[in-house]
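New to this one? Let's take a walk through it together, from the whole chain down to single residues.

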Amino acid sequence: MHLDKAELQHKTNMAESALKARSEFLANMSHEIRTPIHGVQGMLEALLSSSLNSKQHELASIAMQSADALLGIVNDILDFSKIDSGNISFEEAPTNLAEVIEEQVPMFSRLAKEKGLELIISTTALNSKTFIADKLRIGQILINLLNNAIKFTKEGKITVDTKCTRYGKGRYRVKLIVTDSGIGISEQQQKIIFSPFMQAENSMQRRYGGTGLGLTIVKQIVEHYGGKIEVSSNIGIGARFTVTLTLDDANAGAIAEKACGHDYSYTPTRQELSTLKALVVEDNEINQLVIKEQLREVGLPSEVAVNGVEAVDKVKHSLAEKTPYAMIFMDCHMPVMGGLEATQKIRALGKQTKDVPIIALTANVLTGDKEKCLKSGMNDFIPKPVGVSRLKECVFRHLSKQLQGRTTVLKDPA
């Protein structure tokens, strides 16, 4: 059968639009699912920090683990849909890889201990080095590989080793090597292990669960950094995954260190925070409760607006009453008036609202969303679900300067 050029182009266009529609559907569904997960995780976090007896604490902890696992699957689907549509985003910044790896140690040490496994992690080769990379994406590589290693290992040990060699001027070849003493991977399985959905079809993988997308995502991230991922394994003996990345040296100076750690020099006290107030702009009632509760735990009092119009009114009222908001948390997608438009209107209210930190809160983490938020005049962007620790870090980072300034004025009046 012979297809002419026009018909072939038409079929190509149809295939491309079908792929695009599928990717957008996956991304939208992931967004819809993340919103209720935010509510579940937030309420469980609040419950776990309250006074519970040991049985209640155990039950709430198990529910929290399930919520975390569910979020992991949703994140996999969202990431895969972004990869599939060519929209996966990378935020390149000076990154201390040793710190990125060390941050994962407590969680995986606990998981390994629960299974009676030994976990040995060495970051010596990366100490005092800083690279230009996306710390979240590099973290994803390690999380996926360690999750698999622990999942498929019944006894023995898991090791994470690192290597670093110069690769031309200002560049390094960095290796992350994850070795386990688990069930191993057959030669046939090794051929398809990095293909999407394929390993999830395998009966062995079904028994252990998972989306079958983790290693596909790892491969895409690794290839972004001009690298490769290789597997070496024998059935019953274990597996070794070697990730090689080509990274630029960030010349670990003061700027790099600032980007890696907390960039606030002053830690506000609960007493200081209690004298301020934040505005939470969010139309979902459960999310309102979650964020208010999380801010209460951080020590920052808050009020709620259910849409952008109400937010602008409340900001106007607070200025008239001379009790302005110290910080505004803004959901992007709301009825009546969305977060982007509300931010622009708040910024236009005058000098006092030009500098108030406005933080975007959204379950929609697709490419371009962050840029849209920042372009509208927002200062920062936190994807939902938001944990207390991330919220606290954000509050401290944006309020430390003004509180430190206030303390200095009080201590040393002109």
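Here is a short tour, starting wide and then zooming in.

## The big picture

First things first: what you are looking at is a predicted model. The chain has 414 residues, and 44% of them are buried. Its secondary structure is made up of 16 helices and 12 strands.

How do the contacts spread along the chain? Take the contacts between residues at least 6 apart in sequence: 71% of those join residues at least 24 apart. As for the outside, the accessible surface comes to about 21900 Å², and carbon and sulfur atoms account for 55% of that.

## The second largest pocket

Now for some empty space. Rolling a probe the size of a water molecule over the atoms shows where such space is left. The second largest pocket holds about 260 Å³. It is lined by 17 residues, and those closest to its centre are Pro324, Tyr325, Ala326, Val356 and Gln402.

Which elements give two or more residues to this lining? They are α12, at 308-320, and α14, at 351-354. Helix α12 gives the most, with 3 residues. Sorted by class, the lining has 9 nonpolar residues, 6 polar ones and 2 charged ones.

## Helix α8 and its neighbour α4

Helix α8 covers residues 214-224, and quite a list of its residues is buried: Gly214, Leu215, Thr216, Ile217, Val218, Ile221 and Val222. Just after α8 comes Gly226, with a positive phi of about 55 degrees.

Two of those α8 residues turn up again when you look at Asn144, which lies in helix α4. Leaving aside residues up to four places away in sequence, Asn144 touches Gly214 and Val218. Is Asn144 buried or exposed? Its relative accessibility is 13%, so it counts as buried, the cut-off being under 20%.

## Loop residues, inside and out

Carry on past α4 (135-151) and you reach the loop that leads to β4 (157-166), which is where Thr153 sits. With a relative accessible area of 0%, Thr153 is buried. What does Thr153 touch, once residues up to four places away in sequence are left out? The list is Lys115, Leu117, Ile158, Asp180, Ser181 and Gly182.

Lys169 is another story. This residue is in the loop between β4 and β5 (171-180), and at 85% relative accessibility it counts as exposed. Its C-alpha atom is separated by 9.0 Å from that of Asp248, although the two residues are 79 apart along the chain.

## Two positive phi angles

Ser128 and Val336 are worth a look for their backbones. Ser128 has a phi near 65 degrees, a positive value in a residue other than glycine. You'll find Ser128 in the loop between β2 (118-121) and β3 (131-133), where it is exposed, with a relative accessible area of 67%.

Val336 has a positive phi too, near 70 degrees, and again this is a residue other than glycine. The loop that holds Val336 runs between β10 (327-331) and α13 (339-347). Val336 is exposed, at 68% relative accessible area.

## Cysteines

How many disulfides does a search of the whole structure find? The count is 0. Among the cysteines, Cys332 is buried, with a relative accessible area of 10%. Cys394 is buried as well, at 1%.

Conventions:
Residues numbered from 1 in each chain as written. Predicted model: local features only at pLDDT ≥ 70, side-chain atom pairs only at ≥ 80, totals over all residues. Heavy atoms only, no water. 1 Å grid on protein atoms, 1.4 Å probe; cavity = no way out; pocket = protein on both sides within 12 Å on 5 of 7 lines; lining within 4 Å. Points joined across faces, edges and corners; volume = space filled by probe spheres on them. Helix = DSSP H or I, 4+ residues; strand = E, 2+ residues; numbered from the N terminus. Nonpolar A, V, L, I, M, F, W, Y, C, P; charged D, E, K, R; others polar. Disulfide = S-S within 2.5 Å. Buried < 20%, exposed > 50% of the residue type's maximum accessible area, 1.4 Å probe, protein only. Contact = heavy atoms within 4.5 Å. Areas by Shrake-Rupley, 256 points an atom, 1.4 Å probe, with all protein chains shown as cover.
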